[in-house]
Amino acid sequence: MDLDFTETQDILKKTAREFMARYYPKSLVRELKKDRTGFRDEIWKEMANLGWLGWIIPEGYGGVGGDFMDLIVLFEEMGRACFILPFFSTVMCTLPILSAGTEEQKKEFLPRIAQGEMVLSLALTEPSATYEPWGITTKALADKDGYVIDGTKLFIHDAQVAHCFLCATRTETEGPPEDGITLFLVDAKSPGIGIEVIPTVAHDRQCEVRFDRVRVPRSNVLGEVNKGWDIVEFILQRGAVLKCAEMLGGTEAVLEMTNNYAKERVQFDKPIGSFQAIQHKLAQMLIEVEGLRYLTYEAAWHISAGMPSKLLISMAKTKANEVYQRVCLDGVKIHGAVGFTEELDLSLYFIRTKSSEFALGDGGFHRERIACELEQLQPLFMR
Amino acid sequence: MDFKFGEKEEQLRKEIREFAKEELPPDWSAAMLEEENSDEDWEFAMTMSRKLAKKGWLTMSWPVEYGGKGASLWEQFVYSEEAAYWGIPGVTMGVGGVDWVGPSLMMFGSEELKKKYLPLIASGEPDGVWCTAYSEPNAGSDFANIRTRAVREGDEYIINGQKIWTSAAHRARWCWLAVRTDFNVSKKHQGISVIIVDMKSKGVTVRPLINYAGYHLFNEVFFDDVRVSVTNLVGKENNGWYQLMHSLGFERGSVAGRFYGYNRRILEELIQYTKEKHLFRQKEIRHKLADMAIMIETQRILACETIWKMSKEINPVYEPSRDKVFHDQTAERLAIIGTEILGMYSQMDPLQRKSKWTKLKGCVEALYWLSPGVAIAAGTDEVEMNIIGQFGLNLPKSY
């Protein structure tokens, strides 16, 4: 067992930390909250220059050919900086193109993603507000030229700046809900697409995306017709663990700033961090954050090594949901009244508790998946 | 990164599993770890100690020259984990023989002490069983407050005083004793020494303390003019505090694998029970088991991180305290959820594990009744939290 980062990962971490300090100060996070696009082209281009946008894309398609595990390092740093540009969305769509795309699709999309010319957005969830397969009701009907998509997608991150959607549709209504799902790569400029940013508290550019008789050529099917759920599952698992890394970075930042505050803030002639009521709360935060860290790394490593990882991923996401919220709530309270203000940077992390929790599955969703795995488990002492 | 154990560790894991299947009774379970409680369990534990000694596992962490195998920290972790999962008793040689008395002797003991005591521990015989006597009625978390005194008279120390919460004193042949050898000190951490006492010495009295659930685990130990050769002093006189910090480090470092293995077994017992009783239909129970599985995996991976640091010769400072607190929180939650799943049956007495109405051989109830004690032993959670605050977060001392 070895918990060291590779040299590449160490450098990536350092570069990312410096990048965020330089290009992504908290003043910009606040500015972007009010910005309709939530996008900054010069930052995106710089990320492309550093190779991040094509990090997991093979060199043959203009990428870096890095490892999935490297992304964890990157997302942890992004979470730490409250980074909000559509990197997460784009990666979630890049991964399935890599694993399920045709050669033509790869050639069409991957080099452009790597060069920073293309933002992708995952159009998965709907007003049904679930990641369960029954939640997908947007229809795609086949005709002689291709497909026609009709339906509404909701909580779609970064749709307002996306060049292309990866859209999950229902192409068959018979049979169990996970059957009959088909994924399409849909040009965002297609006639019939209506996009509206919805007012989330985190100002994190989630959208309602309406598909009104949107025509898509047959060649834009990702994977196989009616077999799209396997790809959704693939995205869910990888996306969940990347979200964990992002949330982990957030909890690290919150713990750090709260710990610093507890050392500086003096009441009753002593730093409040010298009071056990405060100190033990911080100690508990540290325990939880470190637990989340290694659980996340473990899940990601299993993905990267091609080992069974479903159980670990769901464990990590359930833990992340709990820890992120707990650390933010305690962080706010330890700060006292100033913790209640917008001007405190902690607020930028706190307002994301819900958007992180419900991205890629909440606690109930993942506990259910864990329970299913446990039910299948044959205890060691029975073997 | 690499989250796999090496081939060597996996091979060892296999061997321990085979050993457990061959040597333990067919209906054995982790519930039976409280080996010092009953004569019957103690006798079985000692037969296992001998077998473990023969295998070379009992003191595998020790260097070869002292009767060990020089096993890696990872091998030790796997051994502790598996031994706890299968409920192999007799792994510790009382309280601390293997885990800290031996290692502390290697670090601070004279050649004479090493030659005498290390082979005894490594033999797995009753003459190698220890108890550790630190706490006193007025020295609990504030351990430096100890007042049991050893006064030198010629070639002997004369020991007077009282120890309390001394686990396994009623089984031990030797006592790893913290005493005060100097009362004229400016700070109470000074003037402390460690002395080995033969529990058969004249003037040693062991009085049982029975816990609320009827277990006889710990004792009061009284020392009345007990005479001990000065050669039984471990390390330097008045250097005890420094030495004991190392011993406590060994203690905290040794338990992580064991704690994990024990919790993991009980979780799997509960999963099997839930399946057999068709309780997986209940969402509440499903989700509680899921939460437990998360906590226990977190416990494992945190323990691994500590060992990984040690294996890289990074001295862990707050990590063992972190792991201990997290274990205590995990065990308490497991005990509560476990008893909820057993429902009315969780009222059974875990010491009467042969009753036909006792479920899972009482392992859940045993955890429920014993976990508060574990949370107090070797540093209460509050003391551990202080360590995490001070050394993990660099916060000012809070007490």
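**Notebook: helix H3 of chain B and its surroundings**

I looked first at helix H3 of chain B and found 13 of its 14 residues buried, so the helix is largely enclosed by the rest of the structure. I note at the outset that this is a predicted model.

**Entry on H3(B).** I looked up the bounds of the helix, which are residues 73-86 of chain B. I then compared its length with expectation: from first C-alpha to last it reaches 20 Å, close to the 20 Å expected at 1.5 Å a residue. I checked what comes after H3(B) and found B:Gly87, with a positive phi near 70°.

**Entry on chain B as a whole.** I next took up the chain that holds this helix. I counted eleven helices and eight strands in chain B. Its radius of gyration is 21 Å, close to the 21 Å from the globule rule for 399 residues, so chain B is as compact as a globular protein of that length. I recorded the span of its C-alpha trace along the principal axes as about 70 × 45 × 40 Å. For burial, I found that 53% of the 399 residues of chain B count as buried. I also looked at sequence separation: among contacts in chain B between residues at least 6 apart, 72% join residues at least 24 apart.

**Entry on the contact between the chains.** I asked how many residues of chain B are in contact with chain A. I found 37 residues of chain B in contact with 42 residues of chain A. I then listed the elements that give two or more residues to this side of chain B: H3, helix H7 (256-276), helix H8 (283-311), helix H9 (319-342) and helix H11 (381-392). H3(B) is thus both largely enclosed and one of the elements on the side that touches chain A. The most comes from H8(B), with 14 residues. By class, I recorded 22 nonpolar, six polar and nine charged residues on the side of chain B that touches chain A.

**Entry on the domains of chain A.** I turned to the partner chain and consulted its domain assignment, which gives domain 1 (7-118), domain 2 (122-226) and domain 3 (230-382) of chain A. The centres of domain 1 and domain 2 of chain A, taken over C-alpha atoms, are 23 Å apart. I found that their contact takes 16 residues from domain 1 and 15 residues from domain 2 of chain A. On the domain 1 side, helix H5 (residues 87-100) of chain A gives the most, with six residues. I divided the residues of that side by class into nine nonpolar, five polar and two charged.

Notes
Residues are numbered from 1 along each chain as its sequence is written. Chains are lettered from A and ligands numbered from 1 in the order in which they are written. This is a predicted model: local features need pLDDT of at least 70, side-chain atom pairs count only at pLDDT 80 or more; totals for chains, interfaces and linings use all residues. Helices (H or I, at least four residues) and strands (E, at least two) are DSSP runs, numbered from the N terminus. The expected span of a helix is 1.5 Å times one less than its number of residues. A residue is buried if 20 or more other C-beta atoms lie within 10 Å of its own, exposed if 12 or fewer, and partly exposed in between; C-beta atoms are placed from the backbone. Domain bounds come from an automatic or database domain assignment. Two residues are in contact if their C-beta atoms, placed from the backbone, lie within 7 Å. Ala, Val, Leu, Ile, Met, Phe, Trp, Tyr, Cys and Pro count as nonpolar, Asp, Glu, Lys and Arg as charged, and the others, Gly among them, as polar. The radius of gyration is taken over C-alpha atoms; the globule rule is 2.2 Å times the number of residues to the power 0.38.
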